[in-house]
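I opened a fresh page for this one and wrote down what I looked up, step by step. Come along and follow the entries with the picture beside you.

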Amino acid sequence: MLLSIDIGNSNIKFAIFSGNELVEFKVYSEIDESLQYLNSKTFSNAAICSVNHAKEKILIDTLFKRNTNIFIPTVNSKLNLKIKYKTPDTLGIDRVCSAVGAYELAIKKSII
């Protein structure tokens, strides 16, 4: 099972996948609710996209305590597209992940 976490300034979104199938999706606005959810689920891998580093640190610390394999994408990660933004370090990783996801969906539906 893979846990995908999108940490924004207002909400934290969780999605659990079994292979390519979305099993569960939850949204929380409070870190305490997010930690309760995280601690109630079983998974071995997690991918985290975050624009809120304080909340990210709290969740990563919890994942490390659970011995979870964690992937945190950056603009330097190997992606299925090239970033030609003039200042890639200032590009929000949430936007990069959205672009990668949109590209993958477009390829699978053959609209590109």
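Below are my notes, one topic per entry.

**Entry 1: what I am looking at**

I remind myself that this is a predicted model.

**Entry 2: the main core**

I started with the largest nonpolar core, which has 17 residues. Which of them touch the most other members? I found Leu-3, Ile-5, Ile-12, Phe-14, Leu-38, Leu-59 and Leu-63. Next I looked up the elements that give two or more residues to this core: strands S1 (2–7), S2 (12–18) and S4 (45–50), along with helices H1 (31–40) and H2 (53–65). H1 gives the most, with 4 residues. A second core lies apart from this one; it has 5 residues, including Cys-49, Val-75, Val-96 and Val-100. I jotted a general remark in the margin: in soluble globular proteins, nonpolar side chains tend to be buried together.

**Entry 3: Ile-12 and its company**

I picked Ile-12 out of the main core and listed its contacts, leaving aside neighbours within four places in sequence. Ile-12 is in contact with Ile-5, Asp-6 and Ile-7, and also with Lys-26, Val-27 and Tyr-28. The rest of the list is Ile-31, Ser-34, Lys-55 and Leu-59.

**Entry 4: Tyr-37**

Then I moved to Tyr-37, which I found in helix H1. Is Tyr-37 buried or exposed? Its relative accessibility is 5%, so I wrote down "buried". Not counting residues up to four places away in sequence, Tyr-37 touches Phe-14, Ile-16, Glu-24, Lys-26 and Tyr-28. I also checked Tyr-37 against Val-27: they are 10 residues apart in sequence, and their C-alpha atoms are 9.9 Å apart in space.

**Entry 5: strand S4 and its partners**

I wanted to know how S4 sits among the strands. S4 pairs with S1 in the parallel sense, over 6 bridges. Within that pairing, I noted Asp-6 standing opposite Cys-49 in S4. S4 also runs parallel to S5, joined by 3 bridges, and here Ala-46 has Ile-70 of S5 as its bridge partner. Why do I call S4 largely enclosed by the rest of the structure? Because 5 of its 6 residues are buried.

**Entry 6: two cysteines, and a disulfide check**

How many disulfides does the whole structure hold? My search found 0. I looked at Cys-49 and Cys-97 to see why. The cysteine sulfur closest to that of Cys-49 is in Cys-97, 3.9 Å away, which is too far for a bond. A disulfide needs the two sulfur atoms within 2.5 Å. Seen from Cys-97, the closest cysteine sulfur is the one in Cys-49. I added the surroundings of each: Cys-49 is buried, with a relative accessible area of 9%, whereas Cys-97 is partly exposed at 29%.

**Entry 7: salt bridges**

I counted 3 salt bridges in the structure. A general reminder to myself: side chains of opposite charge can pair when their charged atoms come close.

- Asp-6 pairs with Lys-13, with 3.3 Å between the closest N and O atoms. Asp-6 is partly exposed at 25%, and Lys-13 is partly exposed at 29%.
- Glu-24 meets Lys-41 at 3.2 Å, N to O. This pair links distant parts of the chain, 17 residues apart: Glu-24 is in strand S3 (residues 21–28) and Lys-41 is in the loop between H1 and S4. Glu-24 is partly exposed at 22%, and so is Lys-41 at 23%.
- Lys-57 pairs with Asp-61, the closest N and O atoms being 2.9 Å apart. Both lie in helix H2, 4 residues apart, which is about one turn of the helix. Asp-61 is partly exposed, with a relative accessible area of 32%.

**Entry 8: Ser-77 in its loop**

My last stop was Ser-77. Where is Ser-77 found? I placed it in the loop between strand S5 (69–71) and helix H3 (93–108). Ser-77 counts as buried, because its relative accessibility is 18% and the cut-off for buried is under 20%. A polar atom of the Ser-77 side chain lies 2.9 Å from the backbone nitrogen of Thr-74. Leaving out residues up to four places away in sequence, I noted that Ser-77 touches Phe-71 and Ile-72.

Conventions
Residues are numbered from 1 along each chain as its sequence is written. This is a predicted model: local features need pLDDT of at least 70, side-chain atom pairs count only at pLDDT 80 or more; totals for chains, interfaces and linings use all residues. Side-chain values use heavy atoms; hydrogens and water are left out. Buried means under 20% relative accessible area, exposed over 50%, partly exposed in between (1.4 Å probe, protein chains only). A polar contact is a pair of N or O atoms within 3.5 Å; within protein, one must be able to donate a hydrogen and the other to accept it, and residues adjacent in sequence count only if both atoms are side-chain atoms. Contact means heavy atoms within 4.5 Å. A nonpolar core is a set of buried Ala, Val, Leu, Ile, Met, Phe, Trp, Tyr and Cys residues joined through side-chain atoms within 4.5 Å. A salt bridge is a side-chain nitrogen of Lys or Arg within 4 Å of a carboxyl oxygen of Asp or Glu. Two strands pair if DSSP finds at least two bridges between them.
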